[in-house]
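Got the model open in your viewer? Let's walk through it one selection at a time.

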Amino acid sequence: MTRELSDTRAVAADRKAVFAAVDALRDDMISVLSDVISIPSVNPKYPGQSYDDVVGSEGRVSDLLGEIYQDAGAEVEKWAVEPGRTNAVGTISGTGGGKSLIFNGHVDVVPPGNADRWTSGDPFSGRIDDDRVWGRGASDMKAGLVAQAFAVKALARAGVRLQGDLIVEAVVGEEVMDHECGVSSTLEHGYRADAAVVAEPSGPTTLGVIPVTPGLLWFSVTVGGKTTHSSMRGQTIRAGGGGSSVGVNAIDKGMLVFQALQRLEEEWAFTKTHPLFAPGHFTIHPGVVTGGPHGVLVPFFLSEYMTIEYCVWYPPQDDPENVKREIEAQIDAIARTDGWLREHPPAVEWKLNWPANNPGEAAADITAAVSAAHVAAAGNTPYAGPATVAGFCAVEDCSFLTNAGVPAISYGPGDLRVSHADDEYCLIDEVHTAAKTYAALALDWCSSSTV
């Protein structure tokens with residue numbers, strides 16, 4: 001028997017043993033997922049939250065996952081940049097000679113919204129049905145976190161020793177880009193590897209391999225007006241009236257800006273594209289509009305201001321500074337066409353840039369490895385066959401890992417269409433298949449031997 005054939009058979013035997021261990025742990029895994037969902041780990045910095053009332057539950061989830069890491073033989077370190085917001089990191093030290101790998105996920109979730117709209121029950125019930133688990137965070141992204149933890153546990157139960165280090169992380173802060181308290185803190189603590197896989201939900205591409213994400217900009221544009229009695233509107237807009245000497249309705253002028261950015265967004269369907277994203281994915285979303293006379297929100301005055309808050313999704317390959325200049329140029333162009341706006345230009349405030357994840361060739365090997373692991377794990381399940389390789393619809397912590405020199409991609413159970421929505425859930429078969437994929441990936445990437 002050749003050495004190559006012997007090695008191939010050994011890998012196949014390890015994989016078979018690990019898959020059997022994942023199968024044996026399935027019920028325990030889903031029970032733990034239910035328990036984790038029942039912890040209301042809402043990010044305390046999420047808009048509308050009372051920090052002191054909410055803080056602490058993220059740490060409870062990390063503590064629970066840390067226990068699983070420890071049970072799997074990992075050396076666990078826990079710390080909090082802010083009290084109550086614990087990160088947990090487990091390290092399975094390799095025997096030497098293999099590549100290292102990080103499994104990462106975030107423990108924080110968004111608020112559940114109006115609980116009365118949840119037909120599935122309490123948003124933090126963790127209810128288990130025949131084919132799914134319900135609750136806030138089920139899809140985004142506690143299912144992926146638990147699948148990663150149980151993949152590591154299955155490796156230990158199967159008696160597998162990896163040559164490369166395997167690091168598994170449960171971090172806080174992702175939902176509001178508070179990476180300094182979460183994923184960036186793990187980097188500062190020295191946790192680095194040859195690659196990382198973040199367990200964000202792949203959907204709407206079911207269990208897809210996700211090597212890139214868009215960038216996200218948040219900005220506001222404010223237009224000022226000149227108030228007067230609403231009965232003077234005719235004087236301000238009709239020929240022969242007093243015009244701006246009488247008054248200017250800020251909402252009228254704000255709508256000019258709104259329409260100009262809407263036209264730019266339509267152009268982006270053709271000018272901003274990427275092969276891993278659906279046509280038209282990159283947008284300029286007007287998410288919040290406020291306006292009116294200052295201090296008196298009634299329609300009996302001409303409005304003094306209008307502010308539009310925008311969320312901008314831009315392609316991974318684009319420089320965010322160029323995107324900003326393009327948007328500002330569109331606003332300037334429309335302002336030059338209007339007498340009032342020429343003298344009183346709109347005020348633009350840039351509030352956030354969540355950088356895109358675009359590791360390029362640096363992530364080619366880990367992308368191929370996750371794709372191969374998925375094929376091995378999916379078997380004859382509904383997820384059988386090659387995984388779809390696609391861009392992530394939203395943003396995630398991969399960006400901060402990649403930018404720190406750890407090429408990161410994502411793969412995980414769940415669906416973005418139910419994430420942040422009422423009646424969030426994750427399918428049990430997806431969690432099970434994902435756990436097998438993570439385990440197969442660790443075997444292949446870090447190399448292995450049975451003890």
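Start by selecting Glu309, which is buried, with a relative accessible area of 17%. Buried here means under 20% relative accessible area, exposed means over 50%, and partly exposed is in between (1.4 Å probe, protein chains only). Glu309 sits in strand β11; helices (H or I, at least four residues) and strands (E, at least two) are DSSP runs, numbered from the N terminus. Now show what Glu309 touches: leaving out residues up to four places away in sequence, the list is Trp218, Phe219, Ser220, His285, Pro286, Gly287, Val288 and Lys351. Contact means heavy atoms within 4.5 Å.

A word on what you are looking at: this is a predicted model, where local features need pLDDT of at least 70, side-chain atom pairs count only at pLDDT 80 or more, and totals for chains, interfaces and linings use all residues. Residues are numbered from 1 along each chain as its sequence is written, and side-chain values use heavy atoms, with hydrogens and water left out.

Next, select strand β9, residues 215-224. The rest of the structure largely encloses β9, because 7 of its 10 residues are buried. Which strands pair with β9? β11 does, in the antiparallel sense over 10 bridges, and strand β12 (residues 347-354) also runs antiparallel to β9, joined by 7 bridges. Two strands count as paired if DSSP finds at least two bridges between them. To see individual partners, pick Phe219 and look across to Tyr310 in β11, then pick Val221 and find Val348 in β12.

Stay with β11 and look at the loop between β10 (284-292) and β11 (305-314), where Phe300 has its place. Phe300 counts as exposed because its relative accessibility is 55%. Add Val296, Val298 and Phe301 to the selection, and together with Phe300 you have a nonpolar surface patch of about 330 Å². Patches are made of residues with over 30% relative accessible area and no salt bridge; like charges are joined within 9 Å, nonpolar side chains (Val, Leu, Ile, Met, Phe, Trp, Tyr) within 5 Å. The areas come from the Shrake-Rupley method with a 1.4 Å probe, and for residues only the protein chains shown count as cover.

On to the charged pairs. The structure holds 21 salt bridges, each a side-chain nitrogen of Lys or Arg within 4 Å of a carboxyl oxygen of Asp or Glu. Select Asp318 and Lys272, whose closest N and O atoms are 2.8 Å apart. Asp318 lies in the loop between β11 and α9 (320-335) and Lys272 in the loop between α8 (250-271) and β10, so this salt bridge ties together parts that are 46 residues apart in sequence. Is Asp318 buried or exposed? Asp318 is buried, and so is Lys272. Keep Lys272 selected and add Glu326, which forms a salt bridge with Lys272 at 3.1 Å between the closest N and O atoms. That pair links distant parts of the chain, with Glu326 in helix α9 and Lys272 in the loop between α8 and β10, 54 residues apart. Glu326 is partly exposed, with a relative accessible area of 26%, while the value for Lys272 is 9%.

Now pick Asp71 and Lys153, a salt bridge with 3.3 Å between the closest N and O atoms. This pair also links distant parts of the chain: Asp71 is in helix α4 (residues 57-71) and Lys153 in helix α5, 82 residues apart. Asp71 is exposed at 53% relative accessible area, whereas Lys153 is buried at 15%. Highlight all of α5, residues 138-157, and you will find 18 of its 20 residues buried. Gly159 follows α5, with a positive phi near 75°.

For another buried residue, go to Phe19 in helix α1 (residues 3-24), which counts as buried at 13% relative accessibility. Beyond residues up to four places away in sequence, Phe19 touches Ala376, Ala377, Lys436 and Ala440.

Finally, zoom out and color by pLDDT, the predictor's confidence in each residue, from 0 to 100. The chain's mean is 95, and 97% of its residues reach 70 or more. Over residues 1-6 the pLDDT is below 50, and this stretch has 2 contacts in the model beyond near neighbours in sequence. The whole chain comes to 13 helices and 16 strands, and 53% of its 451 residues count as buried.
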